[in-house]
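Subject: Structure for your review

Dear colleague,

Please find below the structure that I am handing over to you. My notes on it follow directly after.

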Amino acid sequence: MGCVAAGFALATLTACSGGSGGPLQPLGRAFAENAKTSAVVYVSKESDNAIEVFRLDGKRLRTITTGVNYPQGMYVDAQGTLYVANRGSSDVLEFQRGAASPFKRLTDGKNQPEDVTVCPNGNVYVANILGSGGGSANIAVYAHRSRHPTGALTYAGGFFFFLACDARGNLFASIVLGTIGTVLAFPHAHQKGAAMLPIFFGGNPYGIAADAAGNLLVANEGGGVEEFTESGQPTGLRLTSGQFDQIALGSDGTLLLGATAKGATAYTFPGGVLDHTYRTGGGPQSAWRSTRERTREPHN
């Protein structure tokens, strides 16, 4: 595993001990929001090897620990299946809605998964932040129902962080290339045509999400979330809130979920009104905490 984590989107980053040449990493865990009408919120706590489950209104429901080992990014599909990038065990776990134990495990050698998403084609995409030898890795592709990778996406020896897929099946990934954090676009989730967008980070990249308007939401290291077109041009929409690490949109696109050093928050989107707080309590926190505002700022 090789890295010690403490909380979401902390200003201090720590180097991974899994091998030389690895990127500095965001200290934190990830989360997901259920796609069912009776929504639930999942908050992963990597230091506790656990995933906290909350009702959308903030009431804690249960804790998932079976099979969970240093969990990172998560995703929930339209059937309510929870996918967990289980970095400590170099695999991805799948849980049915309400289940305490995984029903499926996706394996990929000793790579270290940081995030996971499912695109409209049914394929699962896993961002491996580090390869089995500690160097740069890839995005592992699992064709529908496969338990082992059926392909891979790469780009210039980069270190992949977070993933998002839009409604048309285009895949976007935040990545470190050398010392630069940026966002890549993979048209229709294919290697051919992969390109870097003009979205840059001074340090490590943070979370991304694709909204219903066909734009990208990118958590920025200075705090808040900024919206870009899928070609990487700013739209002028900025949500000035906490320093989020990973972000996600609710299933109907009306809630933006973000994780901070002290918890996680849910806000109305795009209005930016505080909705609910989700607190895990004790130790490093990655609960949902709800405090977000929306402002439009001019861009040069």
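For what follows, two strands are said to pair if DSSP finds at least two bridges between them. Please also note that the model is predicted.

**The sheet of strands 7 to 10**

Four strands make up an open sheet in the order 7-8-9-10, and their pairing is antiparallel. At its edges are strand 7 (71-76) and strand 10, each of which pairs on one side only. From one strand to the next, the twist averages 20 degrees. As a general point, the strands of a sheet pair through backbone hydrogen bonds, either parallel or antiparallel.

Strand 8 (residues 82-86) runs antiparallel to strand 9, and 5 bridges join the two. Within this pair, Tyr 83 has Glu 94 of strand 9 as its bridge partner. Strand 8 and strand 9 form a hairpin with 4 residues between the strands, and in this hairpin Ser 90 adopts a positive phi near 55 degrees.

Strand 9 also pairs with strand 10 (residues 104-107), again in the antiparallel sense, over 4 bridges. Two of the residue pairs may help you to locate this contact in the model. Val 92 has Leu 106 of strand 10 as its bridge partner, and Leu 93 is matched in the bridge pattern with Arg 105 of strand 10.

**How enclosed is strand 9?**

Where does strand 9 stand with respect to the rest of the structure? A residue is counted as buried under 20% relative accessible area. By that criterion, 5 of the 5 residues of strand 9 (residues 91-95) are buried, and the strand is therefore largely enclosed by the rest of the structure. The cover extends to both faces: Asp 91, Leu 93 and Phe 95 are buried on one side, and Val 92 and Glu 94 are buried on the other. Glu 94, the bridge partner of Tyr 83, is thus among the buried residues of strand 9.

**The sheet of strands 15 to 18**

A further open sheet has 4 strands in the order 15-16-17-18, with antiparallel pairing. Strand 15 (159-165) and strand 18 (195-201) stand at the edges; each has a single partner strand, so one side of each is left without a neighbour in the sheet. The twist in this sheet averages 25 degrees from one strand to the next.

Strand 17 (residues 180-186) is joined to strand 18 by antiparallel pairing over 5 bridges. In this pair, the bridge partner of Leu 184 is Met 196 in strand 18.

With kind regards

Terms used. Residues are numbered from 1 along each chain as its sequence is written. This is a predicted model: local features need pLDDT of at least 70, side-chain atom pairs count only at pLDDT 80 or more; totals for chains, interfaces and linings use all residues. Side-chain values use heavy atoms; hydrogens and water are left out. Buried means under 20% relative accessible area, exposed over 50%, partly exposed in between (1.4 Å probe, protein chains only). Axes are lines fitted to C-alpha atoms, for helices over the stretch in contact, and angles run from 0 to 180 degrees between N-to-C directions.
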